[in-house]
Amino acid sequence: MIIVGVDGSQAGIEAAGWAAREAALRGVPVKIVHALPAWIFAGVARGSCANVARWMRDGGEDVVAAAAERARADAPEVPADTALLAGDPRQALIQAAEGADLLVVGNHGLGGFRGLLLGSVAYGVAGHAPCDVVVVREPATPPRGEVVVGVDGSPTGTAVVEFAFAEASLRGAALRAVHAWTLPMWSVGGAYVPVGDAYEDEQIEIRLLAEAVAGMRERYPEVKVTEEVVQGHAVEVLKAASGGADLLVVGSRGLGEFKGLVLGSVSQALLHHARCPLAVVRTQKQA
């Protein structure tokens, strides 16, 4: 099952449509959910508060109904259920995602300050959900036939690469495996000079990427793969690559991240700046 969190915003509607199309590819149902304050469901409201609670619940029903309409329009063959959740949207979505294949949310919504590229709900669930998370941009980009995966060579990166190959296979899309690297620099007299041999270092990075995708190439022979090694910061390299992609896939943490961080710095930055839907693949057991 795919869980999609909606909030009445256009970003949420786009997320519902994306989730339904993804569910059609996977052959699973979709459940559309919307969170409201817990007191609304407690049955303790009286007088005018009871009227407010009823109004908010009616509004919540309208939110999930509109999202379900979009989901059914995009993928009429997919069973689409709806539900209202009680409590903080982040915690409610995390709990609802237990046992789900995927959690989908919009990149921002009514709860965020105007001008923010990413809403607090999207940010809150990406690092803590018990399943993989997809954050859908608003507006959604039209299909372009390519999935991009960021490969960092870390031991946990296998799950990220596998997710990307599976997505490319489901979509009949090409896969571009991108590995960003930087040349070690040394400060000499106030200037920075490269350390080591740039050509040799690049060959090491090329081999790292080739080894990271080799096993999956054998499992998914139908997927056309392009391997791309780019010198530069991972965020900027993957941001640029996402501009022509249907989906950008990264891990929740990667090589070089600080121990204890639930969501790595590269993933955090791409949540704000990716130019297409972003899949954050869970690469460690969340607390």
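What follows is a walk through the fold, its cores, one helix pair and three charged residues. The model is a predicted one, and it has eight helices and twelve strands. Of the 287 residues of the protein, 45% count as buried. Contacts often reach a long way along the chain: taking those between residues at least 6 apart in sequence, 76% join residues at least 24 apart.

The nonpolar interior comes first. The largest nonpolar core holds 51 residues, and the members that touch the most others are Val104, Phe165 and Val249. Helix α1 gives the most to this core, with seven residues. Another core stands apart from it: this second, separate one has 35 residues, among them Ala97, Val125, Cys131 and Val280. Back in the largest core, Val104 shows what such a spot looks like up close. Setting aside neighbours within four places in sequence, Val104 is in contact with Ile2, Ile3, Val4 and Gly5, with Ala15, Trp18 and Ala19, and with Val134 and Val136. Of these partners, Ala15, Trp18 and Ala19 fall inside helix α1, which spans residues 10–26.

Helix α1 also carries Glu22. Is this glutamate buried or exposed? Its relative accessible area is just 1%, so Glu22 counts as buried. Not counting residues up to four places away in sequence, Glu22 touches Ile2, Leu102, Glu167, Leu170 and Arg171. There is a polar partner too, as the side chain of Glu22 makes a polar contact with the side chain of Arg26, at 2.8 Å. In general, an α-helix has 3.6 residues a turn, so residues three or four places apart point the same way.

Arg70, in helix α2 (residues 48–74), looks towards that part of the chain as well. With residues up to four places away left out, Arg70 touches Gln10, Ile13, Glu14, Gly17 and Arg21. Arg70 and Ala20 are 50 residues apart in sequence, yet their C-alpha atoms are 8.6 Å apart in space. Unlike the buried Glu22, Arg70 is partly exposed, at 23% relative accessibility.

A second glutamate, Glu228, sits in a strand, β10 (residues 225–231). Glu228 is partly exposed because its relative accessible area is 26%, and a residue counts as buried under 20%. Which residue does the side chain of Glu228 meet in a polar contact? The partner is the side chain of Arg176, at 3.3 Å. Along the sequence Glu228 and Arg176 are 52 residues apart, while C-alpha to C-alpha they are 7.1 Å apart. Beyond the neighbours within four places, Glu228 is in contact with Arg176, Ala177, Val178 and His179, plus Leu209.

Now for the helix pair. Helix α7 (residues 234–242) and helix α8 (residues 265–273) pack at an angle of about 35°, with their axes 10 Å apart. The crossing of α7 past α8 is right-handed. On the α7 side, Ala234, Val235, Leu238 and Lys239 take part, and they meet Val266, Ala269, Leu270 and His273 in α8. By type, the residues of this contact divide into six nonpolar, one polar and one charged. Within α8, Ser267, Ala269, Leu270 and Leu271 are buried. What covers the buried residues of α8 includes α7, along with α4 (120–126) and the strands β5 (132–136), β11 (247–251) and β12 (278–281). Ala269 and Leu270 thus turn up twice, as buried residues of α8 and in the contact with α7.

Technical notes: Residues numbered from 1 in each chain as written. Predicted model: local features only at pLDDT ≥ 70, side-chain atom pairs only at ≥ 80, totals over all residues. Heavy atoms only, no water. Axes fitted to C-alpha atoms, helices over the stretch in contact; angles between N-to-C directions. Helix = DSSP H or I, 4+ residues; strand = E, 2+ residues; numbered from the N terminus. Left-handed = near helix turned anticlockwise from the far one by under 90°. Contact = heavy atoms within 4.5 Å. Nonpolar A, V, L, I, M, F, W, Y, C, P; charged D, E, K, R; others polar. Buried < 20%, exposed > 50% of the residue type's maximum accessible area, 1.4 Å probe, protein only. Polar contact = N/O pair within 3.5 Å; in protein donor to acceptor, adjacent residues only side chain to side chain. Core = buried A, V, L, I, M, F, W, Y, C linked by side-chain atoms within 4.5 Å.
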